[in-house]
Amino acid sequence: MEKRKLGKTGLELPVLSFGASSIGQEFRSVKVDEALASVRVALDCGLNFIDTSPFYGRGMSEVLLGMALRGVPRDQYILGTKLGRYDLGHFDFSARRVAESVDVSLHRLGTDHLDIMLCHDIEFVPMQQIVDETIPALRRIQQAGKVRFIGFSGYPQKIFRFIADQTDVDCVLSYNQYTLQNTRFADETVPYLKSKGIGVMNAGPFSARLLTNAPLPAWLKEPEEVKAAARSVAALCAARGSDIAKLALQFSLANPDITTTVAGSANPENIRNWARWAGEPLDQALLAEVQAIFAPVKNLGHREGLPENN
Amino acid sequence: MRLDSHQHFWNYDEQQYPWIQHGWPIRRSYGPEDLAPELAQCGLAGSVAVQARQSLTESRWLLELAERSPLIKGVVGWVDLRSPELPGQLAEFSPHPKFVGVRHVVQDEPDDEFMLTVPFQRGIGRLREFDLTYDLLVYPRQLMAAGELAHAFPHQPFVLDHIAKPLIRKGEISDWAATIRELAALPNVSCKVSGMVTEADWRSWQPADFKPYLDVVFAAFGPERVMYGSDWPVCLLAGDYGRVFELAQQYVRPLGAEAEARFFGGNAAAFYGLT
């Protein structure tokens, strides 16, 4: 698996990383054996950066990851988790909870240090608290050696400048905004992050199954016209003997300014397919056709979190 | 370019410079015309002028001097880092090519953790957007907080002024040395070898008094993060410019020509972005 440097951190991440939200059963009920196998397959395929959160499965993702990683030497994988979001509507970015959250995640994951710790979905709270309280608390924990690099994640592109104009972070994670249909992360934010030396991570190349042949989750927030365009694209890709998911994944991985793209599945077969696709060339002709179909709905997204953070 | 990385100017006024005491020989005005012969006799091409008053007027005045005097290669001014007006202040000064950094007189703040307060850190967090450095003016007891600050903003360049002013005249060194080493472990912090003679016995200091301190600083920061500063005219309290320069040069010369060139200008030019 090709690797790229993450900002100024010195970390080298695979271009495709393993997202552990699926093994927290965010998308469907998963057998434990299957979840554990997915992690092993991901590592075998070179997806050795693993991204999780205490929010995924309300702890289940971290717990299962901890089990799956037992016996795997710590230097064989890079581990990132998050803090501050604990349920759909439960957010706590206080300094006190930061310290607790780090310790709980370390315990569940069975390790003494986290490579990356992100403040999770910060657009749901008044973001000045992240600058004034959460990041300083994380820097103290970093000094104590429990986390190596810190940053934040979320959906609206506005969040990145709001935080990084005011304080130093090592890396950030955006999701569902660098895909076949929506490239706002690269259009609006990545050049800014690059100029500041902040590490750039992306998640959700399939935009929560929108850009796959799998049934859409009920909570998918994309507008109906976007879903309709995606169905047309899926049909076109199938007619060309390809797969919308393959094109979607290869598109996200191809941008050299994005260090890694995080994708998750609790199905080992999916992960093997992705790793194979990552090594195959992107079909530029098909991409041009697909982009033409998406053009009328390009960059259409949704609001997330507090209105003022969008 | 050979440089003095730290000196001051003032139009003497009793109310604006209350720390300049009665009977001190520096109770008069100092401008670029006074500095020029001092730099010339030491083969230095220019200097960085550092704020001595905490006002926007001071920053404006130093920039006016810098516009008139080619000797002044850079200005470290003052802005109100804790003010909501800060972005406007930075937008006023930062377009000036010689405005290279800011400093707050933290050594006079009664709270040793002043640098860890939210309003101050909000201000520090804004500097990078304007490509500005920050000068740490602290006493040894404030070095822990300085380290926490520099750790919290790892992309922000900091320089420690006056090696944090250890009490050289009393030989106090061990606690200072330990915290200096911790601070120097952070790669975004440099150190000015300046202001030392006024921390020694003004009348009887000898070069040997400073060697243990210089050994600590050079070992901790290495040859790429140390820069010569005179702290003129304050240094005149304890010795003339030539003696202060000579003290530094005697220590650095045995380290080799490259280290000497870095110390007398190269590092300061790189840190402040001086041309």
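**Exercise 1. Determine how strand 10 and strand 11 of chain A pair, and whether the residues of strand 11 are buried or exposed.**

Solution. Begin with the pairing: in this predicted model, strand 10 of chain A and strand 11 of chain A are joined by 5 bridges and run in the parallel sense. As a general point, the strands of a sheet pair through backbone hydrogen bonds, and the pairing may be parallel or antiparallel. One position illustrates the match, since A:C171 stands opposite A:G199 in strand 11 of chain A.

Next, look at the surroundings of strand 11 of chain A, which is mostly covered, with 5 of its 5 residues buried. A:G199, A:M201 and A:A203 point one way from this strand, while A:V200 and A:N202 point the other way, and all are buried.

Finally, add the helix: helix 6 (residues 184-196) of chain A lies across strand 10 (171-175) and strand 11 (199-203) of chain A, and runs at about 155° to strand 11 of chain A.

**Exercise 2. Work out which strands of chain A form the closed barrel, and describe how strand 4 is joined to strand 5.**

Solution. First, follow the order of the strands: the closed barrel of chain A has 8 strands, running 3-4-5-8-9-10-11-12, with parallel pairing. From one strand to the next, the twist averages 30°.

Then take one pair out of this barrel. Strand 4 (residues 49-51) of chain A and strand 5 (residues 78-83) of chain A run parallel and are joined by 3 bridges, and A:I50 has A:L79 in strand 5 of chain A as its bridge partner.

Lastly, consider what packs on the sheet: helix 4 of chain A does so by touching strand 8 (114-119) and strand 9 (147-154) of chain A, and its direction makes about 155° with that of strand 9 of chain A.

**Exercise 3. Decide how helix 1 and helix 9 of chain A are arranged relative to each other.**

Solution. Start from the geometry: the axes of helix 1 (residues 32-44) of chain A and helix 9 (residues 268-278) of chain A come within 8 Å and cross at roughly 15°. Angles under 35 degrees count as roughly parallel, and therefore helix 1 of chain A is roughly parallel to helix 9 of chain A. The crossing of helix 1 of chain A and helix 9 of chain A is right-handed.

Now list the residues that meet: A:A37, A:S38, A:V41 and A:A42 come from helix 1 of chain A, and A:P268, A:I271 and A:R272 come from helix 9 of chain A. By class, the residues of this contact divide into 5 nonpolar, 1 polar and 1 charged.

**Exercise 4. Describe the contact between chain A and chain B, and find how helix 4 of chain A is oriented to helix 4 of chain B.**

Solution. Count the two sides before anything else: chain A gives 11 residues to the contact and chain B gives 12 residues. On the side of chain A that touches chain B, the largest share, 5 residues, comes from helix 4 (residues 128-143) of chain A, and that side as a whole divides into 2 nonpolar, 4 polar and 5 charged residues.

Next, compare the two helices, whose axes come within 10 Å and cross at roughly 90°. Helix 4 of chain A and helix 4 of chain B are therefore roughly perpendicular to each other.

To finish, name the residues that meet: A:V131, A:D132 and A:P136 in helix 4 of chain A face B:V118, B:Q121, B:R122 and B:G125 in helix 4 (residues 118-126) of chain B. This contact between the helices has 3 nonpolar, 2 polar and 2 charged residues.

Conventions: Residues are numbered from 1 along each chain as its sequence is written. Chains are lettered from A and ligands numbered from 1 in the order in which they are written. This is a predicted model: local features need pLDDT of at least 70, side-chain atom pairs count only at pLDDT 80 or more; totals for chains, interfaces and linings use all residues. Axes are lines fitted to C-alpha atoms, for helices over the stretch in contact, and angles run from 0 to 180 degrees between N-to-C directions. Helices (H or I, at least four residues) and strands (E, at least two) are DSSP runs, numbered from the N terminus. Angles under 35 degrees count as roughly parallel, over 145 as roughly antiparallel, 65 to 115 as roughly perpendicular and the rest as oblique. A crossing is left-handed if the near helix is turned anticlockwise from the far one by less than a right angle, and right-handed if clockwise. Two residues are in contact if their C-beta atoms, placed from the backbone, lie within 7 Å. Ala, Val, Leu, Ile, Met, Phe, Trp, Tyr, Cys and Pro count as nonpolar, Asp, Glu, Lys and Arg as charged, and the others, Gly among them, as polar. Two strands pair if DSSP finds at least two bridges between them. A residue is buried if 20 or more other C-beta atoms lie within 10 Å of its own, exposed if 12 or fewer, and partly exposed in between; C-beta atoms are placed from the backbone.
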